[in-house]
Each structure stands twice: as structure tokens, then as C-alpha cells.
Amino acid sequence: MTLMRLFISMAACGLVASSAGIQPAAAPPVLRSRRVVATVALKIYNPSGSTRLVGWDRDSVVVRGRVPSRDRFFFNGDSASMKLGIEERSASEPVQPVDLIVYLPRRGSVAIKSVDASIAATDISGWFYTVSGAIVLAGRAQNADAESMSGDVMLDLTTPWVRARTGRGHLVVRGAPEDVDASTVGGTLDVLTSSIMRGRFASVTGDVRYMADVASGSLFDFSNHSGAIDLALPRSVSATLDLSTVAGLIDDQFAQVKPAAAPGRWLQTRLGGGDARIVARTFKGAIRVRPP
Amino acid sequence: MTRVRHLSEEERHGLADGSLDGHGIRDAEAHLTMCAVCTADVRRLRSLMRLAESAPRPATDLDSLWPEIRSRIESSKVARLQPRVRASKRRGWLVAGLLAAAAIIAVTTLELRHGGAPDGRIATTTPTPLSPAGDSVRLYRDEAARLLEEMELRRATLPPATRTAIDDDLRTIDEAIKELEVAIAHDPSNPALRQLLASSYRQKVDLLERIGNAG
């Protein structure tokens, strides 16, 4: 499932913007439930299909979904830590997609893993991993670590700390995170939020695009090998920029002087009061600094 | 009573290894003319750096010693104590080391360049004889080599499409690393190249860890 389809599907189910706990209109049947502590830790495994995680204000874990008769759903543990999901089958057996919805306390955390299943979570903290599925995280979280081998990752989180990785997928950072560490290998990385105080963004061949204002006192580090770094900053921006490339070009549309014709240069510019600090370096990718 | 403000750790290191530039170096050198404490410390750092540079290199290629060391370790084992736990502990220390090295690079990079330059100033890259990025490259390279061994075991269990994606990503990163190593061979004192190399190795370690998580 592509990132956009997953996001639209979440929005249709009211998971993106709604408060957690309000279940979708045609909710699948409850598979299991149990009372847990507010800080419950869940380990979830669903290889194929989709898993939606919803943080709510109740002291219980509820799992909804339909599991094919050939598959076995497991749900065990105690009130503080639990494991649930679909049991792994032998490699020769075809995997059936299963759609699960898991409700858990907002202060709880998850470690969820899938093969090609997409993962969508609202108001959930923890570790989210999929080999080729998409990951969409929204709402508030204490922290989040999202990893996909090749799927898209979209973060629309309010959180003090988030880390995200993908290979060729599209990675989008929005919402209101404070400390962000995000990278791709070949996928495009888009940063669309001005809430970041510490940001590290890297790619090898994918373009890294930052399109937002920068907070006063914030610190950014952009790194790319052959992809571009594109910084679209408002004219009122207050930042010190330290841009360097070995064999690429620097195009600073704010600066009076245009040095970029010769490769292997660096350019230091102060815009406004220079309150934020931005370091960007590439090997042979272009660095552009421009108004939006 | 006025308290004397001494040079920061970064400024003293920057003076000692010549990486401090612009206004920074002028201010720092002016401070040295009236501060015996900082002068002594900078002198001590310079002497340490000279000592480190003149230290003899190992006569043997360290990589070639590893197989023998490993077989000795293996033969001395009497019992295997939860290998996964031990592996994860070791990984924890390595990750902590890598994070610390990355933090040093980030802080050093940001602080060394923080010199209050005027608008639109242009300069060529300043050579930095000693760069912590070199240490983190070594750490990342070692970790990547270890993870590559583990990946070979897990790779077979992954779906063909995922294997193809992994191979493509690894090839992309390895090509970047190769280009950077060639560039460093031509311009060994360029700190930006070393930082980019460290970043590429970091990407490789991240990718190999993701592959490890797939198993």
C-alpha cells in the first residue's frame, strides 16, 4: 500500500485527526481484550496486511480484526507486558494478509514488526518496523523509531524525539517534533515543519528538501552524497548557514555573492540575526538555498 | 573581582591543530598573549599531537591478524552464554561509541565553523590535520564488517524483492563510499570529505541493522 493510500485510508477511518478511542463505523469483531497498566509494553507481529494502533485513555488493550482460519492469533502476557499478533508460518506456506486494529493506553509503548504489512499509529510511542510496508505515525508520542527497508514513512507527530529510516521509500517529517534524526538511501526526504530544534537529515542519492521556517536556537545538519539539498526558507529567516560541497554546486539565492560556479567550495552566510545554525554538505549533489 | 574567561576546549584544540579560522584564531591568539594557563595547555596539546603523529605504525596489517585471534577465542570457549544477549550488549557498546563519535563530529563541525563570519563570505575548505571523523569512520567500518557477516545469514530468509532492494541499497552506499575514499586519497586533509565518509558508513550500518531486524 502506498503512503498516500494508507494516509487516505487512515483519514477515512478517522485515525489521523480524531481523538483515539472512537472506533470506525464498521469495526471488525473483537479478537481479544484485557486490562493492563497505563504503561503497558506491547510486542506485536503481523507479517502481512495492515496494523492500526490507536492510543486511548482506557486501561485496557483491545484487538479487533478478522483472522483467516489457517492463521493463529496469539495474545499473551500480563498486565505490564504483552505479545500479540499472527503466528509466523513456515517459509513455504503463503502468507495471508490480516488487518488488525489494536487499542492501547496512550502512555503504553509498542515494538511492532511486519514484513509487508503497513503500520498506522495514532498517539503511540515505540519502535515500528516493516520490511516493505508503509509506516504512518500521527498524534502525540513520547518517542518514535520508524524503520522500513523500502516502504514510505510519514511522520505527523508531536514528540520530543523521533528517528526514521527508509531505503528507497519517501520519508516525510511534519507535525511538531523537536529532535529528529531521519535518513534515506535513495528515497526523497521532505521536512515540512518548523518545530525542530535539533535535526539531522541524510541521504545517499535521494533529494533532501526542507520547506519551513527554522526555530530560534535550532541546529540542523544535512548530509547527502549525490542527491540535492534544497532549503526553502522564508525571507524572514534568522540563521547562520554553513554550506559545503566537494564536486557539486551551491546556489544561495539569499546571498549577495554567487560563488557556486567552482566546485569544492564552502559558503558561510548569515541571514537575519543568525539565530539558528544550519550545516549542509554534499559530495556532488547541488545545495540550494532559496525563498519558498 | 573579575573572573578570567579561558578559551574553550574546542578553541584550544582548534589552535593546537590549526583548524581554528577567521575571527576565532585572532581572538584566541590575543587571549594567549595574556593567559599563561591557556598558553600552557595549547603547548601541551601541540606536543601531544606531534607525539601521536610520530608514533610508529604497526608493522603488520591488523586485519590479517583477526582470523588467528578469532580462532584462538573460539577454541578457548567452554560454554556459550546466551549469544544473542551478549551480541546485543556488544552492539549496545558499539552503538554508544558510534553515537559518541557522531556527537563529537557534529559538535566539532558546528563549533569550529561558528566564527561570526560576515554575510556571504566565501572560502575554500580549511585543512584540519586531526579530525575526529576519522575515528568514527573506523568505528563504523568495523561495525559494518561485523554486520555484513550477520546479514549473509539473514539474507537468505528474506523475500526475493526485498533481497533485490537490499542489494541495490548496499551497492548505492558502497559506490558512495568508494568515491569518497578516492577523493580522500587525493585530498586527505579535507574534513568535509571525512564527514561525508562517516555519514556514508553510518548509512551502511543503519541499513545492515535494519536487515538484521528483518530476521
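Chain A of this predicted model has a secondary structure made up of one helix and 24 strands. Chain B has eight helices and one strand. If you walk along the sequence of chain B, the elements come in the order α-α-α-α-α-β-α-α-α.

Here are the two chains side by side, with contacts counted between residues at least 6 apart in sequence.

| Chain | Residues | Share counted as buried | Share of those contacts joining residues at least 24 apart |
|---|---|---|---|
| Chain A | 292 residues | 58% of residues | 47% of contacts |
| Chain B | 215 residues | 36% of residues | 77% of contacts |

**A spot to look at in chain A**

Find A:Asp123, in the loop that links β9 (118–122) to β10 (125–130) of chain A. What is the sign of phi in A:Asp123? Phi there is positive, near 60°, and the residue isn't a glycine. Most residues other than glycine have a negative phi. Is A:Asp123 buried or exposed? A:Asp123 has a relative accessibility of 11%, and the cut-off for buried is under 20%, so A:Asp123 counts as buried.

**Helix α2 of chain B**

Now jump to chain B and pick out helix α2, residues 22–32. Which of its residues are buried? They are B:Ala28, B:His31 and B:Leu32. These three sit on the same side of α2(B), because they cover an arc of only 100° around the axis. The general rule helps here: an α-helix has 3.6 residues a turn, so residues three or four places apart point the same way. Over on the other side of α2(B), B:Arg26 and B:Asp27 are exposed.

What covers the buried residues of α2(B)? The cover includes two other helices of chain B, α1 (9–17) and α3 (36–54).

**How α1 and α3 meet**

Those two helices also touch each other. The axes of α1(B) and α3(B) come within 9 Å, crossing at roughly 50°. An angle from 35 to 65 degrees is neither roughly parallel nor roughly perpendicular, so α1(B) and α3(B) are oblique to each other. Their crossing is right-handed.

If you want to trace the contact yourself, start on the α1(B) side with B:Arg12, B:His13, B:Leu15, B:Ala16 and B:Asp17. Facing them from α3(B) are B:Cys38, B:Asp41, B:Val42, B:Leu45, B:Arg46 and B:Met49. Sorted by character, the residues of this contact come out as six nonpolar, one polar and four charged.

Technical notes: Residues are numbered from 1 along each chain as its sequence is written. Chains are lettered from A and ligands numbered from 1 in the order in which they are written. This is a predicted model: local features need pLDDT of at least 70, side-chain atom pairs count only at pLDDT 80 or more; totals for chains, interfaces and linings use all residues. Side-chain values use heavy atoms; hydrogens and water are left out. Buried means under 20% relative accessible area, exposed over 50%, partly exposed in between (1.4 Å probe, protein chains only). Helices (H or I, at least four residues) and strands (E, at least two) are DSSP runs, numbered from the N terminus. The arc is that of the directions from the helix axis to the C-beta atoms. Contact means heavy atoms within 4.5 Å. Axes are lines fitted to C-alpha atoms, for helices over the stretch in contact, and angles run from 0 to 180 degrees between N-to-C directions. Angles under 35 degrees count as roughly parallel, over 145 as roughly antiparallel, 65 to 115 as roughly perpendicular and the rest as oblique. A crossing is left-handed if the near helix is turned anticlockwise from the far one by less than a right angle, and right-handed if clockwise. Ala, Val, Leu, Ile, Met, Phe, Trp, Tyr, Cys and Pro count as nonpolar, Asp, Glu, Lys and Arg as charged, and the others, Gly among them, as polar.
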